[in-house]
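Here's a quick tour of a two-chain protein model for you to follow on screen. Keep the 3D view open and find each spot as it comes up.

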Amino acid sequence: MIKLRGITKFYSSGFVKTFVLRNIDLDVQEGEFLTVMGPSGAGKSTLLYIIGMLDDASEGQYHFYDQPVHSLNEKKRTQIHQQNIGFVFQSYHLIDELTVYENLETPLLYKKVKSDERKSLVADSLDRFRIVAKKGLFPNQLSGGQQQLVAVARAVIINPKLILADEPTGNLNSRQGEEIMELFKKLNKEGTTIIQVTHSEKNASYSDRVIHLLDGWMESEAKTGIGGGQPQSGIRKK
Amino acid sequence: MFKNYFKVAFRNLSRSKGYTLITLSGLAIGLAACLLAFLYIQDELSYDRYNEKSERIFRIATRMVREGTEVNIIGAGAPTAKIMTEEFPEVENAVRFREEGSAKIKVGATVFREKKVIYSDPSFFDVFSVPLLKGDRQAVLTAPRTVVLSQTTAEKYFGMADPVGKMLRVDDKSDWQVSGVFADIPRTSHFHFDLIVSFSTLDMTSDPSMGSWMSFNFQTYLLLRPGASASDLEAKLPLLFATHLAPEIKQFMGISLEDFMTKAKMKLDYSLQPLAAIHLHSNYSAGEFEPNSDIKYIFLFSAVSLFILILAIINFINLSTARSISRAKEVGLRKVLGSFRLDLVKQFLTESLVLCLMALAIACLLIVMVLPLFNSLTAKELALGALLNPLAVAAVIVMTLLVTIMAGAYPAFLLSAYRPASILRGNAGSGAGRGRLRRGLVVFQFAVSAVMIIGTLVVFRQLHYIQNKKLGFDKEQVLILRHSRLLESHAETLKQEMLRSPQVVSATLSSYLPVPSARARLPIARADNPNPRQAFPVSFWRIDEDYIGTLGMKIVAGRNFSAQFSGDAQSVLINQAAVSHFGLKKPLGQTLIMMDMQADNPGKMVSVPCTVIGVVEDFHYESLRESIAPLVLCRGQSLGNLVMRLKPGNIAAVIKTLKRKWTALLPGEPFEYAFLDESFNKIYESEMIIGRIFAIFAALAVFIGCLGLLGLASFSAAKRTKEIGVRKVLGATVREMAALLIRDYVLLIGLANIIAWPIAYYLMQRWLQNFAYRTSISIPIFIFSGLLGLAIALLTVSYQAIRAARANPVDSLRYE
């Protein structure tokens, strides 16, 4: 599904190049649940944004299915991303000016889904995430966990093939965090590919595979337990 | 999708109330100014368009150059209309007018004084689209001593009764029969008549000018055939003089037209003015029915109102880019959710459209509120309803969209360009480049304001200069009784009676005043001029021996007229300009030859020698726009006005006495009086209007500019919170911090003023060229306008700056 080859990202200021990612090769199969780990500043989020087509790599090739993302224009990329990718962030990132209902509706509007279908999709989603009662509220009227629930619902509503989650439980208490992770697990079982960035070992344990980044280099790969019948004790770096 | 955009737009606008208020009020004021200008211009351009044939109607203007002096007259010789209809195939019809001036109309026992009385041809109703409500279209204005009345006049005279066939007693000597009623001439016409009298009423035989080509007293309008070219016709006009004027010259002077022209150093030509151009493009000195407007005012008004709108648009751009940081997260998120850049551009344009539509609604309310004031200022009857025609609606829509795009496009493209990756990780663009743009726009705003402030100051300074200019006469405390000519021999009696009142210091009778009043010119030459008949016509007034004293003029050499000198009938006073005009080294005792009309035969000129007995100090008897021209004053009867110099005190009592005496002498005759200083101020009415418009618009410009500054100051204070905190931790005082924050604005406004000064100087210097006597544009005006702009701007930003500077550094650092 995703094929990264020699992905490098750097920022130039004056004569100094600051490298964020160095020569990353990565393949992600459809249906995988991948975790990216590493200390702050290792380039985890940047990698996620590049995969999500919200940022460009400085060098390297990126194929999404068979599309060469690195050589597509912005419009084309937006099209691919709009049809296939859902995002979940640490700080939820709901649109403050919109109600829960409208937040859920927005990606469908951009996808130009017809009004009737849109209504039923939003209604389904509200049901599924049990937030029907909250549909008229604004984000600042919800707790963190509720906001993240809406954010996940919003990411899922377009029925994406890929969900990218940037520390999705970072601002949540442990019970809320678990709920969200269970949700991801369920979505993954239903066939959605998930890539998450996290500091938490516990969260990582929900995934099939873990990669580690350090100073922009990809250090190692590990397969984790629960899914895919793989052994749970992989190579894990503390 | 658009529903969503609108919803978000409304929520955003209501969430940031301060920003919305600033942008909205600015845009509303700007749009209101533009709509008002649009109403005004639409009205000005509609003049005379009520005529269905307006495209084909042309007026003849005569240009006469005599010894290098050009005289422009609206009018042509009496035969022109008829001859042109007969001899030029292009001309379908023609109509002449001859002004009567005022007439006393007696209906039964009631007396009316009518000022809008005109003689005209029956073709009036064929050329102009003025409906004849009563009377026989074929017959009206044909028979002598018949008259058609305007509807209002007819109702005034006869109420509901049918006026046709009724008789009017005119000036107590003749009777006119009413033969019809016409609909009142629309306000947007360059002429308004109440009584139109048949041309055949005029005595064509006893007054030789009535049949002459050389007397340009008849306003003549031509109706061209459809498709005829006015410029082709204009090219043929010299033929008229060759075929018709030449024989007349030959008959009266015995010389050919060419010889006459050469001898008199004269040039003469006719030109054609399109009817629709008269109101805005015709400012001839003689023969206009009513004072016209000027295309200059249209340019001035549209330019000024457009600038106001641009200032408001700048506020919008500045504030929305300054605020862009707060919208950045939303932009990033929408991109994450799959928005195309174009979707975002559309969204932001929708927001600016929502704002513009709200501003438009407020602008309409504002206009409804200020229209009465505006109408009284410009003497118009504008109404918002005048915008309900397809052209105006289209213009308003186009204007609103244009403003939407001008204001919204830059912020929309700027905001939609944000990369979500960087925004969502919390490092939105620093926007140094945008800061430059913003500062540039602020400089522009304040430069425009400064130009307007300087303009206002210069206009008012010139008005002040005019009010206080030493005029050569004393305009205060002078009461003028109009129409004293009607008293005839009783005028002198009334003057003597009024002099008995302790309040009346002195009194004089004359038609000629140093404010708009009667004027006359005669060819006057030095005794040694061999050809006095062709001498330059000089202004010539008849006054009595009390005139100079009553009006407070000064004799600088010789003496005033006096009742004791019987020879004063052949004496004249001249002004200093006349002394140099005639080139007199020792003016006293010199002889001047005046070419006057013979008393019993007005067609014949006789030369009258006069002795100069005194020189009057130059006084401004025309507007200060013109230089003082030579003037000759002779002693003679001229009863047009009774002019009285009053002591300060109970002036109302004097007027009451005067009215009582007037009514006793002329029962039923309307009583009219004026004060000399008020008549004087009327000359400068258009300058007063410009001054007021300038002042209002300058205030608006400053207001909008300050709104923008207020918004920017609060944003920049918020943005610099951390810097302020750090500096305070390092020991900066509140005063130093406030100064730091304010310094930027001082520099910007200083720069704006430096840019504005030469522009304002150039523009106002050009405006002052209209006046022969004018104030200077002095440096204090610039300094004052600069300080004013600075003071207002500082008042605006200092609150924000001081508040930011006083804030607790701990709070501001925790902000991170």
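Let's start with a pair of strands: β1 (residues 2–13) of chain A lines up with β2(A), and the two run antiparallel with nine bridges between them. Keep in mind that this is a predicted model. From that pair we'll move out to the rest of the sheet, then to a helix, the place where the chains meet, and finally chain B.

**The open sheet in chain A**

- If you want one matched pair to look at, try A:Ile2, which sits opposite A:Val28 of β2(A).
- The sheet these strands belong to is open and has four strands, in the order β2-β1-β4-β5 of chain A, with antiparallel pairing.
- Which strands stand at the edges of this sheet? They are β2 (16–28) and β5 (67–68) of chain A; each has a single partner strand, so one of its sides has no neighbour in the sheet.
- As background, strands in a sheet pair through backbone hydrogen bonds, and they can do that in a parallel or an antiparallel way.

**Helix α1 and a loop in chain A**

- Helix α1(A) is mostly covered, with eight of its eight residues buried.
- The buried residues of α1(A) are A:Lys44, A:Ser45, A:Thr46, A:Leu47, A:Leu48, A:Tyr49, A:Ile50 and A:Ile51.
- Just past α1(A) you'll meet A:Met53, which has a positive phi of about 65°.
- Another positive phi turns up at A:Asn159, about 55°, even though this residue is not a glycine.
- You'll find A:Asn159 in the loop that runs between α5 (144–156) and β7 (162–166) of chain A.
- Is A:Asn159 buried or exposed? A:Asn159 counts as exposed, because its relative accessibility is 61%, and the cut-off for exposed is over 50%.

**Where chain A meets chain B**

- On the chain A side 31 residues are in contact, and they touch 26 residues of chain B.
- The size of an interface is often given as the accessible area that is lost when the parts come together.
- For chain A and chain B, the buried area is about 2,600 Å², and carbon and sulfur atoms give 57% of it.
- How many salt bridges are there between chain A and chain B? The count is five.
- One salt bridge to look for joins the side chains of B:Lys329 and A:Asp96, at 3.6 Å from N to O.
- Between the two chains there are also eight residue pairs in polar contact, both residues being at pLDDT 80 or more.
- On the side of chain A that touches chain B, at least two residues each come from α1 (44–51), α2 (74–84), β6 (85–89) and α3 (100–110) of chain A.
- Sorted by type, the residues on that side of chain A are twelve nonpolar, nine polar and ten charged.

**Chain B as a whole**

- Chain B has 25 helices and 22 strands.
- Along the principal axes, the C-alpha atoms of chain B fill a box of roughly 105 × 60 × 55 Å.
- Chain B has 816 residues, and 52% of them count as buried.
- Take the contacts in chain B between residues at least 6 apart in sequence: 79% of these join residues at least 24 apart.

**A covered strand in chain B and its surroundings**

- Strand β6 (residues 146–150) of chain B is mostly covered, and five of its five residues are buried.
- β6(B) pairs in the parallel sense with strand β8 (residues 174–182) of chain B, over five bridges.
- Within that pairing, B:Val147 has B:Val178 of β8(B) as its bridge partner.
- β6(B) is also joined by three bridges to strand β9 (residues 195–198) of chain B, and these two run antiparallel.
- Here B:Leu149 stands opposite B:Leu195 in β9(B).
- Back in strand β8 of chain B you'll find B:Ser179, which counts as buried because its relative accessibility is 17%, and the cut-off for buried is under 20%.
- Leaving out neighbours within four places in sequence, the contacts of B:Ser179 include B:Thr146, B:Val147, B:Val148 and B:Leu141.
- B:Leu141 itself lies in the loop between β5 (132–134) and β6 of chain B.
- B:Leu141 has a positive phi, near 65°, and is a residue other than glycine.
- B:Leu141 is buried too, with a relative accessible area of 2%.

Notes: Residues are numbered from 1 along each chain as its sequence is written. Chains are lettered from A and ligands numbered from 1 in the order in which they are written. This is a predicted model: local features need pLDDT of at least 70, side-chain atom pairs count only at pLDDT 80 or more; totals for chains, interfaces and linings use all residues. Side-chain values use heavy atoms; hydrogens and water are left out. Contact means heavy atoms within 4.5 Å. Buried area is the accessible area (1.4 Å probe) that two parts lose on being put together, summed over both. A salt bridge is a side-chain nitrogen of Lys or Arg within 4 Å of a carboxyl oxygen of Asp or Glu. A polar contact is a pair of N or O atoms within 3.5 Å; within protein, one must be able to donate a hydrogen and the other to accept it, and residues adjacent in sequence count only if both atoms are side-chain atoms. Ala, Val, Leu, Ile, Met, Phe, Trp, Tyr, Cys and Pro count as nonpolar, Asp, Glu, Lys and Arg as charged, and the others, Gly among them, as polar. Buried means under 20% relative accessible area, exposed over 50%, partly exposed in between (1.4 Å probe, protein chains only). Two strands pair if DSSP finds at least two bridges between them.
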